[in-house]
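This briefing is meant for a reader who is meeting the structure for the first time. Please look over the sequence and the structure before going on to the notes, which are grouped by topic.

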Amino acid sequence: MAEDHRSPQQLSDDQVRAQLAAIVDSSDDAIISKTLDCIVITWNGGAERLYGYRADEAVGRDISFIVPEERREELRQITERIASGERVENLETLRMTKEGRQVWVSLTLSPILDSQRRITGVSTIARDITERRQLEYCLKESEKRYRTLVEFAPDGVVVHQDGRFVYANCAALGIFGARSLEELRGTSLLELVYPEELPFVKQRLAELLQGEAFPLRELRLRNLYGQEISVEASSALIDYHGRPSIQIIARDITERKRIEQDRARMQKELAFERVRFETVVLQMPIGVAIVEAPSGRLLLYNEQARRIFGFDPGEVAGLDGYQKWQLFRDGSPLAVEEYPIVRSLKGETIIGDEYCFLRADGSLGCLSVNSCPIRDGAGELVAALAAFDDITVRKEAVKAQAASEQRLNLALNAAEMGSCDMELPSGTGVWSERHFLLLGYPPPEGTSGPATTAMWLDLVVDEDRAEVLRGLKRAKLDGSLFQSEHRLVRADDGVLIWVNVMGRFLCDEAGAICRFIGVICDVTERKKAEEALKTSEATLKLAIETTGVGIFDWDIRSGRHDWSEIAKSHYGLPPEEEMTHRVLLSAIYPEDRAHMERCIDEALLPANGLFSAEYRTVGLKDGKLRWLTSRGRVTFNEKGEPLRMVGACLDITEIVKAEKALKDEIAERLRAVEELRKQEQLLIRQGRLAAMGEMIGNIAHQWRQPLNTLGLIVQELPRMYQRGVFDQAYLDASTARAMQVINYMSKTIDGFRNFFGPDKEKESFRAAEVLSKTVSIVEAAFKELNLSIEVEAHPDLQVYGYPNEFSQVILNILVNAKDAILERRIEHPKVAVRLFRENGKTVLTICDNAGGIAPEIMERIFDPYFTTKGPDKGTGIGLFMSKTIIEKNMNGSLTARNTAEGAEFRIEV
């Protein structure tokens with residue numbers, strides 16, 4: 001071994017440095033040395049473990065590779081401090097590991113000095129304090145959560161010492177009615193205890209101070225305003241800020257106490273409402289029966305059902321008891337298992353089935369029956385409900401209507417009159433065979449055929465067409481009878497004829513004009529006779545004027561009279577004297593004055609307009625008695641107000657007898673004309689009644705869906721009661737929905753009854769309110785079928801029209817959507833309803849996910865009597881009536897289209 005020539009001192013220094021290096025390398029702390037330019041010189045094992053870099057990866061690199069970007073400025077400042085000779089201890093900061101993870105470290109940095117005491121580098125000792133920092137953070141968060149939990153706990157927490165409050169959380173301040181702890185400190189706890197509770201509280205406080213527990217107990221307190229409050233309170237002895245204190249946790253149960261009292265009251269009211277509901281069902285205007293499943297025991301049978309069948313069935317314990325009701329179909333008795341309510345006990349729903357039945361008095365009648373099963377919350381069938389209506393009268397009315405129409409056609413043919421029934425505003429409709437023949441068109445194949453309004457108006461001569469159109473407009477506006485005599489040229493031979501057309505515009509249930517029903521007859525021969533009469537009258541007038549006829553002109557509005565000299569002489573008045581109405585009446589013979597005034601009053605009526613009277617006068621100047629005859633005609637404005645009367649008067653003292661005979665002849669002719677007019681009005685009314693009869697069949701269709709909805713509401717009641725959720729709010733909601741359906745059915749009847757009435761008026765209403773009420777009608781049915789209905793409605797949109805009819809349209813579309821979804825068994829059924837504003841119009845869309853409408857029938861869905869359902873499920877009139885309501889009654893539009901998921905119906909008004 002070679003000899004070591006170092007001195008003992010040198011050997012000692014080397015050993016010390018070796019020991020120091022070993023200590024540094026084995027230290028758990030990261031010890032790093034670097035130059036003042038931040039270049040790593042040494043990197044111990046602790047640094048490798050802390051930062052993940054080996055020494056060969058770190059030495060020679062800028063120390064910034066372990067410093068996060070946001071801490072680079074901090075590194076620069078620390079380096080400057082060390083370069084100035086300063087020492088930095090316990091600096092807590094963030095550093096980066098090789099994996100990119102940030103760690104918290106505590107740094108101690110010292111300058112490295114050479115033998116001349118110059119600073120040549122920086123020594124850094126880093127200790128991992130990540131776990132400590134996390135523990136400190138968790139501790140702070142825990143303390144913060146605890147303080148927050150206590151401060152914002154729903155129960156009141158107070159701490160008091162010797163009866164004085166030293167702490168109260170937010171809930172406690174609320175209980176005692178204080179805005180702050182300072183306000184609460186101004187009073188003692190015992191001052192807030194209800195007087196009757198004070199002895200008990202004092203005893204418990206004393207026990208608590210001796211270490212006993214205070215179990216949960218109800219107490220009555222008073223807040224700072226003297227109001228009584230009920231609380232559940234528990235207390236415990238705690239150390240608060242170094243002093244024994246009492247902590248009380250109190251929960252305000254005032255509202256709970258009130259709710260318990262309300263619950264007891266509501267239970268009483270619920271019992272009353274149950275009795276009232278049964279009373280309503282028992283007194284409904286249709287027959288209702290509810291039976292138990294599966295036994296068939298009769299649970300409810302209302303008074304109307306007893307009236308319909310004429311007997312009280314008494315107790316019915318099973319299906320065999322249903323033989324008491326004798327039902328027939330196609331003349332054959334119905335087996336018990338075929339009865340509608342028995343079929344519903346097996347899960348079947350029946351809508352609108354019709355049967356014959358035998359009353360208790362032996363008479364036969366007809367029934368329309370709806371029947372459906374009632375299930376509980378688990379879907380088990382527990383009962384069945386049947387609603388039935390006696391339609392015997394309606395059936396007889398249909399037969400009577402057919403007979404009436406036949407008699408009407410016979411009467412029109414006998415009178416050689418044609419009839420028409422035209423739709424507005426399309427101008428299309430039906431003419432009778434006589435109508436076609438009279439106007440010169442080829443007759444239809446049957447007793448009537450399709451025609452248009454233009455087929456008549458195009459034949460009217462130009463000189464008469466304007467007057468005809470004015471008459472039509474006037475009849476539309478005031479609802480009066482349209483009557484016009486005008487000329488037209490026959491379509492086949494071009495012959496000019498005179499016709500008399502009478503008719504009336506009819507209104508639909510909304511009050512909008514939708515039809516014109518009228519008759520037409522050939523009056524050419526009569527007009528020829530009248531022309532001859534006019535010629536004769538003109539000749540007579542000329543003769544009269546040459547024989548002393550007086551002429552008068554009375555302006556009715558101003559009261560001014562213009563009389564010829566001859567006319568004045570008939571009253572014994574000189575030519576220079578002025579004729580007034582008072583002078584005129586004073587000259588009438590006293591016994592004839594009332595007759596004269598009556599004739600004038602009748603002439604001023606729009607239905608008359610003709611003044612004709614024979615009377616005596618006493619000359620105002622000469623006192624001479626004369627017999628006069630006066631005739632005049634009154635003209636009216638468009639409002640029917642009289643404007644003026646123009647006529648003539650003649651002294652007929654010598655020829656009164658002959659003139660009286662002529663007047664009798666004219667009166668006879670007038671009576672004949674009036675009789676003809678009355679007959680024509682009778683025919684028009686018969687036509688109107690026949691048209692109204694067509695609407696009877698629609699009433700059943702409109703009632704089927706509401707009756708089904710009403711059945712579902714009744715079905716839901718026992719199920720909710722069994723589930724224990726039958727509360728006041730649910731009962732009120734169910735009652736409201738049931739009454740909505742009943743009111744809707746009543747209004748439907750009123751609407752059909754007033755279908756032709758002119759007194760229905762439009763109104764502005766909120767579309768969202770009508771939509772909400774309509775959706776509530778079908779809500780139970782949709783929920784029962786697990787069918788989702790989504791409604792998005794603008795709350796303030798106004799619609800001008802008829803709210804009940806608007807609701808009827810929405811209901812028709814919703815029920816059609818439900819039927820389509822059920823028929824196709826959609827897995828996740830839904831209906832989306834949107835109400836919004838677009839292009840200045842209110843728009844309502846109803847979309848379903850039932851797959852849409854087949855393209856080949858899309859153009860026909862709004863046709864009357866077109867349906868894709870079976871004959872027992874639909875008549876095809878619903879969408880037709882909906883389109884009529886929206887487009888004709890409310891001047892809007894109803895369209896349908898297919899979307900990606902199903903069908904969309906769009907209403908714009």
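Val 24 lies in helix H1, which covers residues 8–26, and this is a good place to begin. The model is a predicted one, and the notes below pass from Val 24 to two helices, then to aromatic rings, charged groups, threonines and cysteines.

**Val 24 and its surroundings**

- Val 24 has a relative accessibility of 31%, and it therefore counts as partly exposed.
- When residues within four places in sequence are left aside, Val 24 is in contact with Ile 31 and Asn 44.
- Val 24 and Ile 125 are separated by 101 residues in sequence, while their C-alpha atoms are 9.9 Å apart in space.

**Helix H4**

- Helix H4 runs over residues 72–83, and its 12 residues reach 17 Å from the first C-alpha to the last, which is close to the 16 Å expected at 1.5 Å a residue.
- The buried residues in H4 are given as Glu 74, Leu 75, Ile 78, Thr 79 and Ile 82.
- Because these buried residues cover an arc of only 135 degrees around the axis, they lie on the same side of H4.
- An α-helix has 3.6 residues a turn, so residues three or four places apart point the same way.
- The cover over the buried residues of H4 includes strand E1 (30–35), strand E3 (88–96), strand E4 (102–113) and strand E5 (119–128).
- Just after H4 comes Gly 85, which takes a positive phi of about 95 degrees.

**Helix H8**

- Helix H8 is made of the 12 residues 198–209, which at 1.5 Å a residue should span 16 Å, and the 17 Å between its end C-alpha atoms agrees with this.
- Phe 200, Val 201, Leu 205, Glu 207 and Leu 208 are buried in H8.
- Seen down the axis of H8, the buried residues fall within an arc of 160 degrees, so they line one face of the helix.
- On the face of H8 turned away from the buried side are the exposed residues Pro 199 and Leu 209.
- Gly 211, just after H8, takes a positive phi of about 100 degrees.

**Aromatic rings**

- The structure as a whole holds 21 aromatic pairs.
- One of these is formed by Tyr 53 and Phe 65, an edge-to-face pair with 4.9 Å from centre to centre and 85 degrees between the planes.
- This pair links distant parts of the chain, since Tyr 53 is in the loop between helix H2 (45–51) and helix H3 (55–58), whereas Phe 65 is in the loop between H3 and H4, 12 residues apart.
- Both partners are on the inside by accessibility, Tyr 53 being buried and Phe 65 being buried as well.
- Trp 431 and Phe 436 also form an edge-to-face aromatic pair, with 5.3 Å from centre to centre and 65 degrees between the planes.
- Trp 431 counts as buried because its relative accessibility is 2%, and Phe 436 counts as buried because its value is 6%.
- Ring pairs further link Tyr 301, Phe 309, Phe 311, Tyr 322, Trp 325, Phe 357 and Phe 388 into a cluster.

**Charged ends over rings**

- The charged end of Arg 834 sits over the ring of Phe 836, at 4.3 Å from the centre of that ring.
- The charged end of Lys 883 sits over the ring of Phe 862, at 4.5 Å from the ring centre.

**Two threonines**

- Thr 845 belongs to strand E33, residues 841–848, and with a relative accessibility of 4% it counts as buried.
- Apart from neighbours within four places in sequence, Thr 845 is in contact with Ala 832, Val 833, Arg 834, Phe 836, Glu 904, Phe 905 and Arg 906.
- Thr 524 is found in helix H16, residues 524–546, and its relative accessibility of 10% means that it counts as buried.
- Not counting residues up to four places away in sequence, Thr 524 touches Ile 497 and Trp 498.

**Cysteines**

- With a disulfide taken as a pair of cysteine sulfur atoms within 2.5 Å, the count comes to 0 disulfides.
- Cys 507 is in no disulfide, and the nearest cysteine sulfur, which belongs to Cys 514, is 7.0 Å away.
- Cys 507 counts as buried because its relative accessibility is 9%, and Cys 420 counts as buried at 13%.

Note on methods
Residues are numbered from 1 along each chain as its sequence is written. This is a predicted model: local features need pLDDT of at least 70, side-chain atom pairs count only at pLDDT 80 or more; totals for chains, interfaces and linings use all residues. Side-chain values use heavy atoms; hydrogens and water are left out. Buried means under 20% relative accessible area, exposed over 50%, partly exposed in between (1.4 Å probe, protein chains only). Helices (H or I, at least four residues) and strands (E, at least two) are DSSP runs, numbered from the N terminus. The expected span of a helix is 1.5 Å times one less than its number of residues. The arc is that of the directions from the helix axis to the C-beta atoms. Contact means heavy atoms within 4.5 Å. Rings of Phe, Tyr and Trp (its six-membered ring) pair if their centres lie within 6.5 Å; planes under 30 degrees apart count as stacked, over 60 as edge-to-face and the rest as tilted. A charge sits over a ring if NZ of Lys or CZ of Arg is within 6 Å of the ring centre and within 35 degrees of the ring normal.
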